[in-house]
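User: I am new to this structure and would like a close look at a single part of it. Please take the strand that gives the most to the largest nonpolar core, and follow its partners and surroundings.

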Amino acid sequence: KVSGAVVCGNQTLAGAKVSSQNNPSNFVVTDQNGLFELDELFDTDTIVVEKQGFDCDSLAVQDQASGQLIGCSFDVSGSILSDDGQTDNFQISSGQKSVLTKDGRFCLSGIRFGDQICASRAGYVASDNIVINSTDDISFQFFKLYDVVGTLTVDGESVGNIVVSAGGKQTVTDQNGNFEIPQIYGNQQVVVDSQAYFVEMSSQNVSASCNQIVVSMQQYYDA
């Protein structure tokens with residue numbers, strides 16, 4: 001036996017027909033509060049929901065015990081934000097279903113409870129995938145990938161073979177003090193490993209809009 005409520009969006013739906021796919025003659029109609037109880041179901045049965053004037057893809061069945069939606073698929077809408085202000089042509093997908101954002105919004109059809117929604121776009125890193133457990137809007141945050149390009153100097157002179165790191169990645173300056181750290185994102189700090197010199201430490205903040213820098217350091221001298 002399954003008991004629950006039929007919902008459309010965030011509202012329960014009265015007068016909806018709830019039936020067994022394996023035995024269509026086994027059905028009930030939801031009461032004024034959208035509630036129902038359906039007996040004599042098979043272990044591998046599927047619940048079918050119907051109501052005149054409604055697309056089944058917009059309906060779902062909510063199990064009262066678990067609070068989980070089961071049965072029909074539904075639409076998932078949401079928004080995206082990116083740290084560089086871009087909002088169009090970000091890909092939102094679940095399995096074989098995929099749409100592109102427009103003006104920062106998207107709507108993905110045919111989603112069921114427990115489906116995982118992913119977000120991507122070349123040149124960006126997206127926030128974590130989202131497992132759908134409600135019909136509420138969802139949102140993703142995107143961060144633009146960028147390369148840090150810079151030069152390291154000590155007392156005004158370029159210095160090679162010094163380790164420079166940022167965003168969990170590191171590299172070594174070349175003989176002219178130049179370095180490049182590729183594909184990092186967000187606001188980061190460039191840090192120099194100065195063990196080869198007795199120097200006053202210096203670091204630089206970087207971001208997608210400020211990624212070309214000069215790191216200047218001063219060597220300590222004994223008095």
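Analyst: What follows is a walk around that strand, its partners, the two cores and the sheets beside them.

The model is a predicted one. The strand in question is S16, which gives 4 residues to the largest nonpolar core, the most of any element. S16 covers residues 138-154.

**Partners of the strand**

Begin with S9. S9 and S16 run parallel and are paired over 5 bridges. Here Ser82 faces Phe142 of S16.

Next comes S14. Its pairing with S16 is antiparallel, with 3 bridges. Tyr124 sits opposite Lys144 of S16.

S20 is also a partner. It is joined to S16 by 6 bridges, and the two strands are antiparallel. Val148 is set against Ile181 in S20.

S24 runs parallel to S16, again with 6 bridges between the two. In this pair, Leu152 lies opposite Val215 of S24.

Then there is S17, residues 157-158, which is antiparallel to S16 and tied to it by 2 bridges. Thr153 has Ser158 of S17 as its bridge partner. S16 and S17 make a hairpin with 2 residues between the strands. In that hairpin, Asp155 has a positive phi near 55°.

As a general point, strands in a sheet pair through backbone hydrogen bonds, parallel or antiparallel.

**The largest core**

Now to the side chains. The largest nonpolar core holds 17 residues. Val148, Phe179, Val190 and Val215 have the most contacts inside it. Five strands each give two or more residues to this core: S16, S18 (163-166), S20 (178-185), S21 (188-193) and S24 (212-219). Two of them have already appeared as partners of S16: S20 and S24.

What does Phe179 touch, leaving aside its neighbours within four places in sequence? Its contacts include Val148, Val149, Gly150, Thr151 and Leu152. Val164, Thr171 and Thr173 are also in contact with Phe179. So are Val190, Ile213 and Val215. In soluble globular proteins generally, nonpolar side chains tend to be buried together.

**A sheet with strands from this core**

S18 and S21 also belong to an open sheet of 4 strands, in the order S19-S18-S21-S23. The pairing is antiparallel. S19 (169-172) and S23 (204-206) are the edge strands; each has a single partner, so one side of each lacks a neighbour in the sheet. On average, neighbouring strands here are turned by 25° against each other, direction ignored. S18 and S19 are paired over 4 bridges, antiparallel. Ser165 faces Gln170 of S19.

**The other core and the aromatic rings**

Apart from the largest core lies another, with 16 residues. Among them are Ile80, Phe90, Ile117 and Phe140. Phe140 is in S16.

Aromatic rings come next. There are 5 aromatic pairs. How do the rings of Phe90 and Tyr124 meet? Their centres are 5.1 Å apart and their planes stand at 70°, so this pair is edge-to-face. The two residues are 34 apart in the chain: Phe90 is in the loop between S9 (74-82) and S10 (91-94), and Tyr124 is in S14 (residues 124-126). Phe90 and Tyr124 are both buried.

Phe106 and Phe140 make a tilted pair, 6.4 Å centre to centre with 45° between the planes. This pair also spans 34 residues, from Phe106 in S12 (residues 105-111) to Phe140 in S16. Phe106 is buried, with a relative accessible area of 5%. Phe140 is buried too, at 3%.

Phe90 has further company. Phe90, Tyr124 and Phe142 form one aromatic cluster. The charged end of Arg121 sits over the Phe90 ring, 4.7 Å from its centre.

**The sheet after the Phe90 loop**

The loop with Phe90 leads to S10. S10 is part of another open sheet, of 4 strands ordered S11-S10-S13-S15 with antiparallel pairing. At its edges stand S11 (97-100) and S15 (130-131); each has a single partner strand, so one side of each has no neighbour in the sheet. S10 and S13 (residues 116-120) are antiparallel, with 3 bridges. Ile92 has Ala119 of S13 as its bridge partner.

**Putting it together**

S16 gives the most to the largest core. S16 also holds Phe140, which is among the residues of the other core.

Terms used: Residues are numbered from 1 along each chain as its sequence is written. This is a predicted model: local features need pLDDT of at least 70, side-chain atom pairs count only at pLDDT 80 or more; totals for chains, interfaces and linings use all residues. Side-chain values use heavy atoms; hydrogens and water are left out. A nonpolar core is a set of buried Ala, Val, Leu, Ile, Met, Phe, Trp, Tyr and Cys residues joined through side-chain atoms within 4.5 Å. Buried means under 20% relative accessible area, exposed over 50%, partly exposed in between (1.4 Å probe, protein chains only). Contact means heavy atoms within 4.5 Å. Two strands pair if DSSP finds at least two bridges between them. Axes are lines fitted to C-alpha atoms, for helices over the stretch in contact, and angles run from 0 to 180 degrees between N-to-C directions. Rings of Phe, Tyr and Trp (its six-membered ring) pair if their centres lie within 6.5 Å; planes under 30 degrees apart count as stacked, over 60 as edge-to-face and the rest as tilted. A charge sits over a ring if NZ of Lys or CZ of Arg is within 6 Å of the ring centre and within 35 degrees of the ring normal.
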